[in-house]
Amino acid sequence: MSTVATSQIKLTPEHARPRASVRSRLQDALPKIVLAPSFAITIVFVYGFILWTIYLSFTNSKTFPSYVLTGSRAYQRLWGWTFDTDPPSSWYTSITNMGIFGFLYIAICLALGLFLAILLDQKIRGEGVLRPIYLYPMALSFIVTGVAWKWFLDPGLGLEQTLHQWGWTSFHFDWIKNKDFVIYTVVIAGVWQASGFIMAMFLAGLRGIDGEIMKAAQIDGATTFQLYRRIVIPLLRPIFLSAFIVLAHLAIKSYDLVVALTSGGPGGSAWLPSNFMYEYTFKRNEMAVGSASAVIMLMTIVAIIVPYLYSELREKPR
């Protein structure tokens with residue numbers, strides 16, 4: 001009896017081990033199985049088409065893709081249009097607008113977002129109401145933002161017409177119809193939408209600063225201005241960097257905001273590189289040129305993101 005019982009006790013765990021091993025393997029493989037389809041789709045439809053676009057930029061593609069390589073002819077045409085044309089070409093206008101829009105959009109959003117965050121960090125009354133109000137524009141699509149600001153800035157419909165009806169007949173604000181100022185209306189709409197989100201980022205950073213540091217600086221006689229300039233803002237450096245990456249990415253890929261707000265502006269004067277890419281690829285039957293402009297946009301984003309990733313992921317010295 002004792003021999004039989006002993007053998008049963010020894011055999012039971014040995015037979016159970018393979019079952020436990022199979023179950024553990026399935027549990028380990030389940031996340032990979034679930035993520036495999038989305039990973040494959042990302043590889044094909046994101047990175048695969050990026051490579052395909054790069055390839056098309058070195059061909060003579062017109063209305064339809066062509067696989068005859070012609071070297072860097074499309075890139076030469078772009079930069080030739082930039083430096084050798086008079087009046088300036090659409091590509092020159094696009095990259096000039098990108099510089100104006102990108103600089104003002106990022107700078108104003110950072111400054112306004114930090115200012116609003118500092119105000120809300122003072123534990124003012126109604127903070128719970130003000131935060132959603134500032135954040136609400138980010139919940140809207142760029143199409144909705146563009147259409148709303150188009151109505152507001154239209155001289156015959158929005159702000160100018162309203163002030164004329166109130167008696168201020170000398171007021172004029174026709175930037176949205178003026179080819180020299182139309183890009184600044186895109187800046188206004190973009191800042192209105194994104195500054196609340198940047199405010200939330202800065203506010204989270206401010207709430208994460210150790211209060212003991214602030215109290216120690218105040219005891220040492222630091223003024224409010226010195227407190228923020230020497231302590232708070234340097235501690236917010238990671239937030240500044242993250243906000244810059246987000247805003248730069250939004251600025252470079254902006255397309256629908258320009259289309260909804262200005263329809264490209266008078267004579268294409270509000271074009272950004274994304275508008276140029278769409279126009280030449282799908283409307284003017286210059287797929288190689290459009291692909292080359294898309295590759296340049298991609299390289300611009302890479303030039304911004306890679307240094308950021310390197311600074312975040314590199315191993316810090318011990």
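**Exercise 1. Describe the span 95-310: what does the record call it, how far apart are its ends, and what is its helix and strand content?**

Step 1. In this predicted model, the end C-alpha atoms of residues 95-310 lie 27 Å apart.
Step 2. Check the secondary structure. The span is 75% helix and 0% strand.
Step 3. Turn to the record. An unreviewed UniProt entry labels residues 95-310 "domain: ABC transmembrane type-1".

**Exercise 2. Find where UniProt places the feature "transmembrane region", then examine residues 181-206 and 287-310.**

Step 1. List the annotated stretches. The unreviewed UniProt entry gives 33-55, 98-121, 133-152, 181-206, 227-252 and 287-310.
Step 2. Take residues 181-206. Their end C-alpha atoms are 36 Å apart, and the span is 96% helix with 0% strand.
Step 3. Take residues 287-310. Here the end C-alpha atoms are 34 Å apart, and the span is 100% helix with 0% strand.

**Exercise 3. Characterise the interface of domain 1 and domain 2.**

Step 1. Set the bounds. Domain 1 covers 2-57 and domain 2 covers 73-315. Their centres, taken over C-alpha atoms, are separated by 44 Å.
Step 2. Count the contact residues. Domain 1 contributes five and domain 2 contributes nine.
Step 3. Read the buried area. About 510 Å² is buried between domain 1 and domain 2, with 77% from carbon and sulfur atoms.
Step 4. Locate the main contributors in domain 1. T53, L56 and S57 supply 74% of the area that domain 1 buries against domain 2, more than any other three residues.
Step 5. Look for specific pairs. The interface has zero salt bridges. One residue pair is in polar contact across the interface.
Step 6. Sort the residues by class. The side of domain 1 that touches domain 2 has three nonpolar, two polar and no charged residues.

**Exercise 4. How many salt bridges does the structure hold, and why does the pair E286 and R77 tie together parts that are 209 residues apart in sequence?**

Step 1. Start with the principle. Side chains of opposite charge can pair when their charged atoms come close.
Step 2. Count. The structure holds four salt bridges.
Step 3. Apply the cut-off. A salt bridge needs a side-chain nitrogen of Lys or Arg within 4 Å of a carboxyl oxygen of Asp or Glu. E286 and R77 form one, with an N to O distance of 3.2 Å.
Step 4. Place both residues. E286 sits in the loop between α12 (273-283) and α13 (287-313), and R77 in helix α2 (residues 73-84), so the pair ties together parts that are 209 residues apart in sequence.

Definitions and conventions: Residues are numbered from 1 along each chain as its sequence is written. This is a predicted model: local features need pLDDT of at least 70, side-chain atom pairs count only at pLDDT 80 or more; totals for chains, interfaces and linings use all residues. Side-chain values use heavy atoms; hydrogens and water are left out. UniProt positions are given in the numbering used here, feature names are shortened, and annotations may be inferred rather than shown by experiment. Helices (H or I, at least four residues) and strands (E, at least two) are DSSP runs, numbered from the N terminus. Domain bounds come from an automatic or database domain assignment. Contact means heavy atoms within 4.5 Å. Buried area is the accessible area (1.4 Å probe) that two parts lose on being put together, summed over both. A polar contact is a pair of N or O atoms within 3.5 Å; within protein, one must be able to donate a hydrogen and the other to accept it, and residues adjacent in sequence count only if both atoms are side-chain atoms. Ala, Val, Leu, Ile, Met, Phe, Trp, Tyr, Cys and Pro count as nonpolar, Asp, Glu, Lys and Arg as charged, and the others, Gly among them, as polar.
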